[in-house]
2 protein chains.
Amino acid sequence: MNITGVIVEYNPFHNGHLYHLQKTRETTKADILVAVMSGSFLQRGEPALIHKRSRTRMALAGGADLVVELPYTFSTQHASYFADGAVRILADLGVDTICFGSEQGRIQPFYDLLHFMKAHNNQYQTAIQKQVQIGISYPEAASRAFHSLQPPEGLPDLSQPNNILGFHYMKAIDHRKPSMKAATIQRQGAGYHDAGAKNGIKSATGIRLMLSEGEDFQETAPFLPETSFSELQKGLLMTWENYYPFLQHLLTTQPPDWLQRIYEVEEGLENRAAHAARQAQSFHEWMQRVKTKRYTWTRLQRMAVHILTQTTKAEMNEAMNTDAPTRLLGMNEAGQAYLKMIRHTTAQPIKTNRGQADSAREHLDDKADLTYWLPLTGTERIRAYQQAFAETPVRYERTTQIFKNE
Amino acid sequence: MNITGVIVEYNPFHNGHLYHLQKTRETTKADILVAVMSGSFLQRGEPALIHKRSRTRMALAGGADLVVELPYTFSTQHASYFADGAVRILADLGVDTICFGSEQGRIQPFYDLLHFMKAHNNQYQTAIQKQVQIGISYPEAASRAFHSLQPPEGLPDLSQPNNILGFHYMKAIDHRKPSMKAATIQRQGAGYHDAGAKNGIKSATGIRLMLSEGEDFQETAPFLPETSFSELQKGLLMTWENYYPFLQHLLTTQPPDWLQRIYEVEEGLENRAAHAARQAQSFHEWMQRVKTKRYTWTRLQRMAVHILTQTTKAEMNEAMNTDAPTRLLGMNEAGQAYLKMIRHTTAQPIKTNRGQADSAREHLDDKADLTYWLPLTGTERIRAYQQAFAETPVRYERTTQIFKNE
């Protein structure tokens, strides 16, 4: 039996994701496709465009058999922690192959890269440190360090965002469960940051841009599977701007030392962050005021997420280093049957009913989920809170294409 | 030269306040009337209905010569600290008589009460402690303890809110500057908590109720001097409900121990406060869920204000126990001339331009003022922030009845 895992955000799920899932099943001959998906806040340090329950429906309709949540603890992190957290969860769920999308498209170059990097690790780390110390941002430093190693031809191009992520998955597999295989599918259509479209595929960034610019909603239809389109049509769409008034409040009233306790807030950023909150009329302006060459945009957005959720260094440290149950977001019949099989053999329990948070990691997810609904007020906010804690996993019948418990 | 002080909130300034100011000037033969007025947040633990700048205009048009700010450090406190802070400021401004409104109406009974209480202080404190220990709220405990002392007839009735405040002023005068005199004017019209009206006087509570219940704004006109009416008509009116989404955010994302650091949060309240924020759809409902017999409604509202402004015990402690400049809110020609006279003789500097906060007390006022504008968003919020820090005192020409720098 082949169990294949994918690591996703689906922000939102589009035709490119559909292609990836279909190709993955074909390539890995998967009997079960398990998706581990970011919850309320994402790796780029942003709120999910649409609630994870909607994105779970999109994933199930698109071909995933089982969707579990990538906790806040990992979903709002640098690629290395993001990858490591996701791989750990997939490994515990009995996944034997992880299949990721990449610009590269073939898996052997990733294995070659992994071996090359393992052989030159010390040299590489030293070179990065040197660059960082002179004020270069981490990604740029990593890129420069990599080239200083004079790598052989034919390795994946690490200036491409999906190649980078893929490489972090490879490293995490190597570290956590080397017996697990990796596979890759070449990304189709427009590039990650590209707003254009190709063969009915437009990147998630491009689609979000269309939505935020108030284009006719109907215009996004060619790039979205039907379920995605209808979920986006009926759901609430969130952007950072919806949360900015709350970020501002925290930053303008914080007691001394509070900001220093927040995860990812490093020396020098506290004052910039607090000062900018008194000046900036929008989140985008706030970011521009806080931005320095030293930190990437996404790194600072992640910091902003941790400020918004008041996640301290101590809390994140505990959440990263203690075990927690895996939360099930949705399944189809095949997924459910598979779940029954593995339920009592996974190292971490699988939670189908939310209930009380009984781990540091779940506690952060609770905070993140409550924070996610900040743009709502009054009755609506409380109803969303109640729903968040009463939710059962989405159940999808693949044969009839019906969501059973909606 | 007679300098008389009044301690006020003017939330909003109404015909009863106008009567009080006129009677005060007459009774004390005041050459200068100095009002010390609560800023953004008030003694009952509420945001001011309308911004302090508007309330300053009302006060000047109503007869005050000088209006200074009662800092957040004192304005959001139990009556004893509220009174003490206000009396200290008035004393430093050279005030020789404080004239307060009371249900009692004659000053001698207050002096009698003061002497009686000084003679029985130990007994009184012990009796209060006993009651508080069995879970009685402080005001009720104080009332029971008072009666247990078997006070003589004719003392002010301490079940009346303005008599209580008046008595706290007397105690503060006795403690801070016994040479300062006290005077009182009998309150006219409806009672403090009474929503009715009498002789064109309706309590501030009654007027706020009319406004919150969406009655025709014009209906409030008979109870308000002209300036009050026009300020209320053009100003933004704030209630706790405007701030509740932000309180909720703080309470649902707080890291461990955060709430315990907040001023006025005492054991047992943290959990109730945090839990209620997940359940309550409005501030009023939140209060009802947090309320216990042990704490009064206003005590809990004050706690909520400190949560909203993230004011810690340490911050409040420092602000209460270190000196700070007095902030001028407004003046007329007489007030300005008086100010020139005393400028270099007061113990605390008088700040006419806001500038940088250079004391713990001013820092809390900055936080309070930024918090006050939370109901605004985007450009409007930033404009309000900028205004708050660029503001110069209101200048009123009594002869022409013109505000000069508007």
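**Notebook: helix α14, the two copies, and A:Ser40**

I started in chain B and looked up what sits over the buried residues of α14(B): the cover includes α11 (240-253), α13 (269-279) and α15 (297-308) of chain B. Note to self: this is a predicted model.

Next I checked which residues of α14 (residues 283-290) are the buried ones in chain B, and got B:Phe283, B:Trp286, B:Met287 and B:Val290. Looking down the axis of α14(B), I found these buried residues within an arc of 100°, so they line one face of the helix. That fits the textbook rule: an α-helix has 3.6 residues a turn, so residues three or four places apart point the same way.

Then I compared the copies. A turn of 180° with a shift of 0.0 Å along the axis lays chain A on chain B, with an RMSD of 0.0 Å. The two copies are therefore related as by a two-fold rotation axis. In chain A, I found that A:Phe246 has the C-alpha nearest the axis, at 3.3 Å. Both copies use the same surface, since 100% of the contact residues of chain A recur in chain B.

I also looked up the domains of chain A. The assignment lists domain 1 (3-103 + 164-238 + 321-403), domain 2 (109-159) and domain 3 (240-308). Over C-alpha atoms, the centres of domain 2 and domain 3 of chain A are 30 Å apart.

Last stop: is A:Ser40 buried or exposed? A:Ser40 is buried, at a relative accessible area of 6%. I found A:Ser40 in the loop between β2 (32-38) and α2 (52-61) of chain A. Its side chain makes a polar contact with the side chain of A:Asp369 (2.6 Å).

Key. Residues numbered from 1 in each chain as written. Chains lettered and ligands numbered in written order. Predicted model: local features only at pLDDT ≥ 70, side-chain atom pairs only at ≥ 80, totals over all residues. Heavy atoms only, no water. Least-squares fit on C-alpha atoms with pLDDT ≥ 70 in both. Contact = heavy atoms within 4.5 Å. Buried < 20%, exposed > 50% of the residue type's maximum accessible area, 1.4 Å probe, protein only. Helix = DSSP H or I, 4+ residues; strand = E, 2+ residues; numbered from the N terminus. Arc of directions from axis to C-beta. Domains from an automatic or database assignment. Polar contact = N/O pair within 3.5 Å; in protein donor to acceptor, adjacent residues only side chain to side chain.
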